[in-house]
Amino acid sequence: MKQLTRISTTFALSALALSIAATSHAVTNEEILRDQQTPEDILSYGMGLNGQRFSPMDILNKDNVGQLTPAWAFSFGGEKQRGQESQPLIKDGVMYVTGSYSRIWAVDARTGEEIWQYDARLPNGIMPCCDVVNRGAAIYGDKVFFGTLDAKMVALDRETGKPVWIKTVADYQEGYAISAAPMVVNGKVITGTAGGEFGVVGKIVAYDAETGDKVWERPTIEGHMGYVYKDGEAVENGITGGEANLTWPGDMWKNGGGAPWLGGTYDETTNSILMGTGNPAPWNSHLRPGDNLYAASRLALNPDDGTIKWHFQTTPNEGWDYDGVNELISFEYEEGGEMVHAAATADRNGFFYVLNRENGDFIRGFPFVDKITWASGLNDDGSPIFTEGGRPGNPFGDDAVDGKGETVFAQPSFLGGKNWQPMAYSQNTGLFYVPSNEWSMDIWNEDVTYKKGAAFLGAGFTIKPVNDDYVGVLRAMDPLTGEEVWRHENPAPLWGGVLTTAGGLVFTGTPEGHLKAFDDETGEELWRFNTGSGVVGNPVTWEMDGEQYVSVASGWGGAVPLWGGEVGQIVKDFNQGGMVWTFKLPTSAGSADVASR
């Protein structure tokens, strides 16, 4: 079906449009690289390509955050609500924010007034696994970019919202989709694809930001050919993993999953894209004995041609849907008088990993959740020590009953010790702030056959809470010791991102609808605001006219109400929504003492 669009141009003849056109300018590669150091704008997902979600601003701090008040709120409107997992971007006084069902708005950051709206009119038959979410956009030059649920990449004019180019990344009828925010590295728009539950082959694709021409494509499953593009022609650039059947049996690699559905970060030090890959397909691991590279892995890629520099697999022969997509965040620390260029990730499987981002070597790892059943620990190389009897049973074995393998209890559940919701790293405290969950599951395996566009799981499951009074836990973790410095427990699962600041604050939202601020050293709750719907978006902060602002998208949804099992009972009465809330201190507040909490 042809891509249709709707653009509202209410500003077309207004003074607002003329003002924006006069003050906006083309965003450069250098500006994107310096994104974290320029608090007057937010140009990339993660508030910097390294994904730390740390702001150097301290106008807003522990002493005055209690006086934080709403400045404006913008409604996404209409009936298209569902999960709002977006992170806003800010440039030249304009906010760019995406919403469910592949929509994007430009909003006046001073007033909250709509400038333009673009809707991707999606075809029937899209197959997003886990709600109709969109996590954000990217800015470069005079364009803003975002992906759609029918697996397209869209480039819009920043001032008008009109399409400049639209490219089909993959075939949505096979199960492909895009929900991740793209990133721009050296003038290339880079995205990963979703769809691992449908037996697609995950891939990472780069486009020329100006022309939309494809630059390179890298499949993330062993045995598939990568390409670079010259004068519009595909040129072979090496098979992922060298050849087929090295770690996959038979033809299983042909529908191997491994979708890089969360996008990635970028390390300027090594000129590497750092991106994770999802579950192998099918979930039933007995059908595919072997490590199944490069599913459930972290990859470092050359942004110029997409070649893989190194990989680290968190869960070989993965059989619990412990995707390895979670963000890999670059950070530095000193050890023995040497500077270590590290990267950290909190995996769905319950382990926190610290890697050398220059070569992917394992430095250390430790649990960040209260209990892990599928593995008893990690080896010296970071590979898991599998628990005997911890893997779902073989549906073809002697113990199988009615075509089902033995059901096992597993913790964490397949929704993970941490799912997509991004953690944050503070350059002040040296801690990672991890939005995590404590839940378990019963899981079993079944036989399954691949069919284009159909679910390719071969497993069944039931998710259960493990505590009576909480599921979500916001944790402050020391990456050098594995110590949990503090924790804040929440009744419902945490499903939104985290922001931390030089003002000593940690922000995150809850499904109950609250945006909260915590003391980054103690975990004390300092402030909260009820947004009216569950917060599963990513809070951001920026400076404008000498004041510090905080914004977050509010709107309950995502995977939890769809797949939560018994946990779903906790959230079944939560209301959907679709708003962007923006806060600042009253002009007279300055550095006043905390008012009320």
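# A guided tour of strands, a buried loop residue and salt bridges

In the hairpin formed by β15 and β16, where five residues separate the strands, select G223, which takes a positive phi near 105 degrees. The model on display is a predicted one.

**Stop 1: the strands around β15**

Extend the selection to β15 itself, residues 214–219, and to β16, residues 225–230. These two strands run antiparallel and are joined by two bridges. To see the register, display E217, which stands opposite Y227 of β16.

Next, add β14, residues 203–208, which runs antiparallel to β15 and is joined to that strand by five bridges. Select Y207 and its bridge partner in β15, K214. β14 and β15 also form a hairpin, with five residues between them. In that turn, select G212, whose phi is positive at about 80 degrees.

Is β15 mostly covered or mostly open? The strand is mostly covered, as five of its six residues are buried. When side chains are displayed here, it is useful to recall that in a regular strand they alternate between the two faces of the sheet.

**Stop 2: the open sheet of four strands**

Now select β3, β41, β40 and β39, which form an open sheet in that order with antiparallel pairing. The edge strands are β3 (69–75) and β39 (540–544), each of which pairs on one side only. From one strand to the next, the twist averages 25 degrees.

Within this sheet, focus on β3 and β41 (residues 579–584), an antiparallel pair with six bridges. A73 can serve as a marker: its bridge partner in β41 is W581.

**Stop 3: D478 in its loop**

Move to D478, in the loop between β33 (472–477) and β34 (484–490). Why does this loop residue count as buried? Its relative accessibility is 18%, and the cut-off for buried is under 20%.

Show the surroundings of D478. Beyond its neighbours within four places in sequence, D478 is in contact with F366, L431, E483 and V485. A polar atom of the D478 side chain lies 2.9 Å from the backbone nitrogen of L480. For a longer-range relation, select T429: T429 and D478 are 49 residues apart in sequence, yet 9.1 Å apart in space from C-alpha to C-alpha.

**Stop 4: salt bridges**

The whole structure contains 37 salt bridges. Begin with K91 and D41, whose side chains meet at 3.6 Å, N to O. K91 belongs to strand β4 (residues 89–91) and D41 to the loop between α2 (29–33) and β2 (54–55), so this salt bridge ties together parts 50 residues apart in sequence. Both K91 and D41 are buried.

Then select R357 and D267, which form a salt bridge at 2.9 Å, N to O. R357 lies in the loop between β24 (351–356) and β25 (362–367), and D267 in strand β18 (residues 264–267), so the pair links parts 90 residues apart in sequence. Both R357 and D267 are buried.

Keep R357 selected and add E332: their side chains also meet in a salt bridge, at 2.4 Å, N to O. E332 lies in strand β22 (residues 329–335), so this pair ties together parts 25 residues apart in sequence. R357 counts as buried because its relative accessibility is 1%, whereas E332 is partly exposed, with a relative accessible area of 33%.

Finally, select D370, E438, R475, E484, R487 and E489, which are joined into one network by salt bridges that share partners.

Conventions
Residues are numbered from 1 along each chain as its sequence is written. This is a predicted model: local features need pLDDT of at least 70, side-chain atom pairs count only at pLDDT 80 or more; totals for chains, interfaces and linings use all residues. Side-chain values use heavy atoms; hydrogens and water are left out. Buried means under 20% relative accessible area, exposed over 50%, partly exposed in between (1.4 Å probe, protein chains only). Two strands pair if DSSP finds at least two bridges between them. Contact means heavy atoms within 4.5 Å. A polar contact is a pair of N or O atoms within 3.5 Å; within protein, one must be able to donate a hydrogen and the other to accept it, and residues adjacent in sequence count only if both atoms are side-chain atoms. Axes are lines fitted to C-alpha atoms, for helices over the stretch in contact, and angles run from 0 to 180 degrees between N-to-C directions. A salt bridge is a side-chain nitrogen of Lys or Arg within 4 Å of a carboxyl oxygen of Asp or Glu.
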